[in-house]
Amino acid sequence: MGKDQTILFHSTIFGPIHSRRLGVSLGVNLMPSDGKVCSFDCIYCEAGYNAQGAGKSGLPTREKVREDLEKKLTAMHQAGETLDVITFSGNGEPTLHPEFAGVIDDTIALRDRFYPEAKVSVLTNSTRIFDTAVAEALKTVDNNILKLDSAIDPTMRLIDVPASKDFTVERVVEALKQFSGTGVIQTMLLRGEHNGHKVDNTTPEEVSALIEAYKAIAPREVMLYSLDRSTPEEKLQKVDKEELDRIASLVRDAGINVISY
C-alpha cells in the first residue's frame, strides 16, 4: 500500500527554492493548483499518484502564467534577489499544457527582460516530444531535461507507468535523438518493490541498456540521481552516492558526459 501523498504546489508560480540540481530556482506549475495531471504515474513521484484526481481549478491560461510570472520577477528584481533558473515542473507533466509553446515564448521574453543571465529549464517525462510544437519549444530553452528511467520496456513500465500503451523505449529513444548535443537525459536510479514486483534499474543489464540508449541519443549531458524525498510507493530504496558514482563512471567510460547527485 502506498502513502497517501498529494500535490505539492498550490499556485502557478512557486519559490524561489534552492534546487540541488539547478541552484536558486523559481518554479512554474502549468498543471492545476488543486490536482495532478500527468501522462506518467511514476511510483516515486513526490507529488503522489494520479488517482488523487485533477482537481477543479483547471490549467492556468497562458495569460495567467505570464502575468503571475511577470509580477513575481518584478518583485524579485526590485528586492535585489538573485535567480539562477526558471524551472517548469509542478503537479504533473508541463508539456501537456495546450499552450506550452506560447508559455515558453513568454517566459524567455520575461527572463531576458528581468534576469538575462538566468536559465530556463523544463523537466519533462518525454511523452510529448513526438508533438512538433512541443519539441520545437523544448529546443529553445537552456536546459531541456528529458526523462529516461530505463531502456528496458518492462522496467520502464513498472517505474514510470505511462498512460499510453504506445509509449515504448524504442520509440522514445528514437525521438530523443532530435535533441542530440542539446538535451539533458535524467535517470532516476532506484530499487525496491511495487505491487509485488521487484524494481531495480541498477543491475548490469539495466545499466548496459541505458548506456546503449545514451550513446544512441548523444545528449549534452546525463543526470543520474536517486530518491531525495518521500515517495508514494513505500517499498523503494535510495541508491547511495557511492553506487551512483560507480554507475556514472561506467557511463563516462562510454564517452557520455554525466553527473550524479
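## Contacts around Gly 181

Contact here means heavy atoms within 4.5 Å. With that in hand, start at Gly 181 in this predicted model. Once neighbours within four places in sequence are set aside, Gly 181 is in contact with Ala 218, Pro 219 and Arg 220. Gly 181 itself sits in the loop that runs between α5 (169-176) and β6 (184-188). With a relative accessible area of 44%, Gly 181 is partly exposed. Ile 217 is 36 residues away from Gly 181 along the chain, yet their C-alpha atoms are separated by 8.5 Å.

One of those partners, Ala 218, is worth a look of its own. Ala 218 belongs to the loop between α6 (204-217) and β9 (221-225), and its phi is near 55 degrees, a positive value in a residue other than glycine. Ala 218 is partly exposed too, at a relative accessible area of 31%.

## The overall picture

Stepping back, the protein has 7 helices and 11 strands. Its radius of gyration is 18 Å, which agrees with the value near 18 Å that a compact globule of 261 residues would have. Along the principal axes, the C-alpha atoms fill a box of roughly 50 × 40 × 35 Å.

Buried residues account for 54% of the 261 residues. Take the contacts between residues at least 6 apart in sequence: 72% of them join residues at least 24 apart. The accessible surface comes to about 11700 Å², and carbon and sulfur atoms own 50% of that. As for charge, there are 30 positive and 39 negative charges, and the mean positions of the two sets are 1 Å apart.

## The nonpolar core

In soluble globular proteins, nonpolar side chains tend to be buried together. Here, the largest nonpolar core has 78 residues. Which residues have the most contacts inside it? They are Tyr 44, Leu 73, Phe 88, Leu 148, Tyr 214 and Leu 224.

Leu 73 lies in helix α1 (residues 62-78). Its relative accessibility is 0%, so Leu 73 counts as buried. Beyond four places in sequence, Leu 73 is in contact with Leu 26, Leu 83, Ile 86, Leu 110, Phe 114 and Tyr 115. Gly 92 is another story: 19 residues from Leu 73 in sequence, and 23 Å away in space, C-alpha to C-alpha. Then there's Leu 224. Not counting residues up to four places away, Leu 224 touches a string of residues including Thr 187, Leu 189, Tyr 214, Leu 244, Ile 247 and Val 251. Val 258, Ile 259, Ser 260 and Tyr 261 are also among the residues that Leu 224 touches.

## Two more buried residues

Leu 210 lies in helix α6 and is buried, with a relative accessible area of 4%. Leaving out neighbours within four places, Leu 210 is in contact with Leu 148, Asp 149, Ser 150, Ala 151, Thr 187, Leu 189 and Asn 201. Leu 148 is 62 residues from Leu 210 in sequence, with 8.3 Å between their C-alpha atoms. Thr 187 and Leu 189 turn up again from the core section, as both are among the residues that Leu 224 touches.

Is Ile 129 buried or exposed? Ile 129 is found in the loop between β4 (119-124) and α3 (132-138), and it is buried, at a relative accessible area of 2%. Past the four-place window in sequence, Ile 129 touches Ala 135, Leu 138, Leu 146, Val 172, Ala 175, Leu 176, Gln 178 and Phe 179. Val 239, by contrast, is 110 residues from Ile 129 in sequence and 29 Å from it in space, C-alpha to C-alpha.

## Backbone details to check

Two further spots deserve a glance at the backbone. The peptide bond from Gly 15 to Pro 16 is cis, with omega near 5 degrees. Pro 16 is part of strand β1 (residues 13-19).

Asn 195 is in the loop between β7 (190-194) and β8 (197-200). What is notable about the phi of Asn 195? Phi is near 50 degrees there, a positive value in a residue other than glycine. Relative accessibility is 64% for Asn 195, and exposed means over 50%, so Asn 195 counts as exposed.

Note on methods:
Residues are numbered from 1 along each chain as its sequence is written. This is a predicted model: local features need pLDDT of at least 70, side-chain atom pairs count only at pLDDT 80 or more; totals for chains, interfaces and linings use all residues. Side-chain values use heavy atoms; hydrogens and water are left out. Helices (H or I, at least four residues) and strands (E, at least two) are DSSP runs, numbered from the N terminus. The radius of gyration is taken over C-alpha atoms; the globule rule is 2.2 Å times the number of residues to the power 0.38. Buried means under 20% relative accessible area, exposed over 50%, partly exposed in between (1.4 Å probe, protein chains only). Accessible areas come from the Shrake-Rupley method with a 1.4 Å probe; for residues, only the protein chains shown count as cover. Lys and Arg count as positive and Asp and Glu as negative; His and the chain ends are not counted. The place of a charge is taken as NZ of Lys, CZ of Arg, CG of Asp or CD of Glu. A nonpolar core is a set of buried Ala, Val, Leu, Ile, Met, Phe, Trp, Tyr and Cys residues joined through side-chain atoms within 4.5 Å.
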